[in-house]
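Thank you for making the time this morning. I would like to walk through one model with you, starting from the backbone and ending at the ligands, so please have the structure open as I speak.

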Amino acid sequence: MSGNSVMSINGTQTKYDREKELREFDNTKRGVKGLVDSGVKTIPKIFIRPLEEISEDSKPQNVNKLVLPIIDLAKIHTNNNPRRELVEQIENASAKWGFFQLINHGIPLNVIEKMLEMVKMFHEQDVEVKMKYYGRDVHTNKQVVYDSNFDLFTSKNAYWRDTLSVNTAFTGQLDPELLPPICRDAILDHIKHMVQLGSVLLELMSEALGLGPDYLKELECDKNWSSVYHYYPSCPQPELTIGTPKHTDSSFFTVLLQDQVGGLQIRLDDQWVDVHPIPGALVINIGDLLQMITNDKFISVLHRVKANPVGPRLSSAFFFAGLSSKPKKYGPITELLSEENPPIYREFTVGEYVTHFFSKPQDEPGRNHFMLN
Ligand code: OGA
Ligand code: NI
């Protein structure tokens, strides 16, 4: 199970040891990077994942050579036909893949490179400064948090990743003064670009659902976003752990930025399909909220990041959350329902959704809890 040999002999003792190890790791406030910096050659037990999880890998991979759709946003600026084609591509990718790569999205390559460089700078800065941001309060009203394994004490196994999170989901706002000075401007730049792009994507997705272009915006799907800036240190035993365990996103949709190291995979047709890095491209994926309100027309797909002997790998995810403390209700969009397509999910408040999403194990999609029957 946990790779701890004492486990089968004396469960209680092991549990105690594990909790102690978790606390010790947490107390360093140096994350996984701190372990690598200290020169570990074998990974601590808390990071060892079940063999069957990692060995899902050894099935014949990419037998069908699945390649994620690449969508060219430049078509949006052209006249009718290419735009229609673009909307169709987004519909197809969102319905069949839940993921696509976006090129010519208008964010220049140098801006993207700067953002990734900023992620690196935050995590590699003076550790005494970085520690001040360390906390266990993501998914609360704290706007800026650095941590490693937000679910460290509740998950079965830890993973090889540190994260800086910026969260407006509960306060509805961001005080720029709270951002770490070393990356403040770059984060503000990232947010500005993401919010602009998110609005364009929401329009296209609304059209892809056969709804008016403002439909999803009126549902406030781009309200109260949050963003994460991940740092995946090189791993001395990548075959024993994972960078990000498989999960679906809680968002309506997510805009992901990855560097060229690779390791991101999505689960389709019972196989792990690589999301190959394309310089300057963004990866867009549908989250559980959009799957639920589209009554499963768009799909929220499991994805993960492999641990890598090469590192660091840098990435950023921008979640269009719609999450707020307001008692706003969501449910399947009425226009998409019919006798043949009855609602699959019940109505729920955003608060109810968030509470559930962050209390369940990561590998279990958040939407199941809200299914009717
Ligand atoms: C996420 C995520 C993937 C990556 O943060 O939800 O899936 O490439 N990240 O870091
Ligand atoms: Ni994700």
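In which loop is Glu220 found? Glu220 sits in the loop between helix H8, residues 215-218, and strand S5, and I should say at once that we are looking at a predicted model. What draws me to Glu220 is its positive phi of about 65°, although it is not a glycine. Most residues other than glycine have a negative phi, and most peptide bonds are trans. The loop between H8 and S5 also holds Asn224, which is likewise not a glycine and has a positive phi of about 55°. As for cover, Glu220 counts as partly exposed because its relative accessibility is 23%, whereas Asn224, at 11%, counts as buried because the cut-off for buried is under 20%.

Let me stay with the backbone a little longer. Helix H7 runs over residues 184-208, and its 25 residues should span 36 Å at 1.5 Å a residue; the C-alpha atoms at its ends are 35 Å apart, which agrees with that expectation. Just after H7 comes Gly210, with a positive phi of about 80°. Further along, the peptide bond from Gly311 to Pro312 is cis, with omega near 0°, and Pro312 has its place in the loop between S11 and S12.

One more loop residue before the ligands: Thr241 is in the loop between S5 and S6, and because its relative accessibility is 2%, Thr241 counts as buried. A polar atom of the Thr241 side chain lies 2.7 Å from the backbone oxygen of Phe47.

Now to the metal. Which residues are the protein donors of the nickel ion, ligand 2? They are His247 through NE2, Asp249 through OD and His303 through NE2, lying 2.1 Å from the ion. Along the sequence, these donor residues follow the spacing H-x1-D-x53-H. Asp249 and His303 thus link distant parts of the chain, since Asp249 is in the loop between strand S6 (242-247) and strand S7 (253-258), while His303 is in strand S11, 54 residues apart. Why do we call these two buried? Asp249 has a relative accessibility of 5% and therefore counts as buried, and His303 is buried because its relative accessible area is 6%.

That brings me to ligand 1, where some of these residues appear again. There are 13 residues around ligand 1, and those that come nearest are His230, Tyr232, His303, Arg313 and Ser315. Turning to the polar side-chain atoms, one from His230 lies 2.7 Å from an oxygen atom of ligand 1, one from His247 lies 3.0 Å from an oxygen atom of the ligand, and for Asp249 the distance from a side-chain N or O atom to a ligand oxygen is 3.2 Å. Taken alone, ligand 1 exposes 290 Å², and the protein buries 96% of that.

Which elements give two or more residues to the shell around ligand 1? They are strand S5 (226-232), strand S11 (303-306) and strand S12 (313-320), and S12 gives the most, with four residues. Sorted by class, the shell around ligand 1 has seven nonpolar, four polar and two charged residues.

If you take one thing back to your bench, let it be that His247 and Asp249 are donors of the nickel ion, and that each also has a side-chain polar atom at the distance I gave from an oxygen atom of ligand 1.

Note on methods:
Residues numbered from 1 in each chain as written. Chains lettered and ligands numbered in written order. Predicted model: local features only at pLDDT ≥ 70, side-chain atom pairs only at ≥ 80, totals over all residues. Heavy atoms only, no water. Near = heavy atom within 4 Å. Polar contact = N/O pair within 3.5 Å; in protein donor to acceptor, adjacent residues only side chain to side chain. Areas by Shrake-Rupley, 256 points an atom, 1.4 Å probe, with all protein chains shown as cover. Nonpolar A, V, L, I, M, F, W, Y, C, P; charged D, E, K, R; others polar. Donors = N, O, S within 2.8 Å, 3.2 Å for Na, K, Ca; no water. Buried < 20%, exposed > 50% of the residue type's maximum accessible area, 1.4 Å probe, protein only. Expected span 1.5 Å × (residues − 1).
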